[in-house]
Amino acid sequence: MNIDGKTKLVGILGDPVSHSLSPRMQNAAFAAAGLNFCYVPLSVSHKELPAAIEGLRAMRFRGANVTIPHKVAAAKLLDCLDESAARTGAVNTIVSSGGGLTGHNTDGAGFISALTEATKLDFRRAPAVIFGAGGAARSVAVALAEKGVPRIAIINRTMEKASDLKALLMLEFPQVEAFAIGFKEDCADLIFSSKLLINATSLGMDGDLKRFPMAVDKLTEDHIVCDLVYRGAKETPLLAAAREKGATSMGGLAMLLHQGAASFKLWTGAEPPTEIMRSALESK
Ligand code: NAP
């Protein structure tokens, strides 16, 4: 990497952010495409987010990714939102153009691409349970509703956020049956009668399944379990439990790849070198 006065900067705003594999994946992609870009991790607290976004402007960043816990807050701090960000109320990609910052959301499309690559799922016959109601959960819920899933149950620690997401689904997708459920409620029957189970909380990043509210014993080989959390080459505890029950599983790296490829295209206008990005992730 030859950084010089013409290098275009892209970063990832998050807290925590040190675990992120996006710098490794995006810098490999820029190098392979012969682009003078550099991608840096930027540790930004909730309080510092407005100043950090102003900083992207002041320092002429080409753009940024936004990760935990800032996706919803960032959507309120930008000059405009594209349709994917406006519809979900969450931003994972910022692009600077013409002096303004536009928010995009590639998480939903990235999740669907990863799932379609990994399974032959018929979405119209796949009731879903989503754990979490933050930025990633909002993107995944909207993407699944757009694909025609018949039912989405949102299970979250903070009930208010689950209810907000349920309200969004009811407004935009009245044909989808939507539920909001607290962590302490019994959700065993919903899990049993669902096809897709998605962890969109940050639980499991530390390798511990104990705090997870899901009745893992209800999993069967008919389930597809997706964990958005990734731990490098290590399996997350939820995916280990799914494997023991014979369920199909999909880890967070597949979605990371596809959402990142879409972000790359937004910043550079170039086709993403997807296989180079995949190798960068898999070699970690
Ligand atoms: P976020 O907006 O901050 O939402 C975090 C979610 O996790 C909320 O539902 C929150 O519940 C829940 N949560 C956090 N700590 C918890 C705890 N101790 N107990 C119970 N629930 C807890 O973050 P996000 O952007 O949606 O990201 C969520 C996860 O998905 C992160 O691990 C992120 O790395 C991962 N992700 C992965 C990809 C990928 O490409 N693989 C893409 C996007 C996100 P409350 O509402 O109660 O706070």
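Here are some friendly notes on this predicted model, going from its domains to its ligand site and then to a few local backbone details.

1. Let's start with the overall layout. The domain assignment splits the protein into domain 1, made of 8–105 + 255–282, and domain 2, covering 108–250. Domain 1 is therefore written as two segments, while domain 2 is given as one range. Taken over C-alpha atoms, the centres of domain 1 and domain 2 are 24 Å apart. In the contact between them, domain 1 takes part with 16 residues and domain 2 with 21 residues.

2. How much area is buried between domain 1 and domain 2? The value comes to about 1,500 Å², and carbon and sulfur atoms give 63% of this area. For context, accessible area lost when parts come together is a common way to state the size of an interface.

3. The polar side of this interface deserves a look too. Three salt bridges are counted between domain 1 and domain 2. Seven residue pairs are in polar contact across the interface of the two domains, with both residues of each pair at pLDDT 80 or more. If you have the viewer open, you can also look up the salt bridge between the side chains of Glu117 and Arg278, with an N to O distance of 3.2 Å.

4. Which helices supply at least two residues each to the side of domain 1 that touches domain 2? They are α3 (71–74), α4 (83–88) and α10 (252–268). Helix α10 gives the largest share of that side, with four residues. Sorted by class, the side of domain 1 that touches domain 2 holds six nonpolar, seven polar and three charged residues.

5. Now for the ligand. It is surrounded by 27 residues, and the closest are Ala136, Asn156, Arg157, Thr158 and Gly252. Asn156 also appears among the polar approaches: an N or O atom in its side chain is 2.7 Å from an oxygen atom of the ligand. The side chain of Lys161 places an N or O atom 3.0 Å from a ligand oxygen atom. With Gly135 it is the backbone that takes part, a polar backbone atom being 2.9 Å from an oxygen atom of the ligand.

6. Back to salt bridges, where the count comes to eleven. One to look at is formed by Arg57 and Glu54, whose closest N and O atoms are 3.2 Å apart. Both residues belong to helix α2 (residues 49–58) and sit three residues apart, about one turn of the helix.

7. If you plan to work with the backbone torsions, please note two cis peptide bonds. Asp15 and Pro16 are joined by a cis bond with omega about 5°, and Pro16 lies in the loop between β1 (8–14) and α1 (22–32). The bond from Ile68 to Pro69 is cis as well, with omega near 0°. Pro69 is found in the loop between β3 (63–66) and α3, and α3 is one of the helices already mentioned for the side of domain 1 that touches domain 2.

8. One last torsion: is phi of Arg60 positive or negative? Phi of Arg60 is positive, near 55°, in a residue other than glycine. Arg60 is placed in the loop between α2 and β3.

Methods: Residues numbered from 1 in each chain as written. Predicted model: local features only at pLDDT ≥ 70, side-chain atom pairs only at ≥ 80, totals over all residues. Heavy atoms only, no water. Domains from an automatic or database assignment. Contact = heavy atoms within 4.5 Å. Buried area = accessible area lost by both parts, 1.4 Å probe. Salt bridge = Lys/Arg side-chain N within 4 Å of Asp/Glu carboxyl O. Polar contact = N/O pair within 3.5 Å; in protein donor to acceptor, adjacent residues only side chain to side chain. Nonpolar A, V, L, I, M, F, W, Y, C, P; charged D, E, K, R; others polar. Near = heavy atom within 4 Å.
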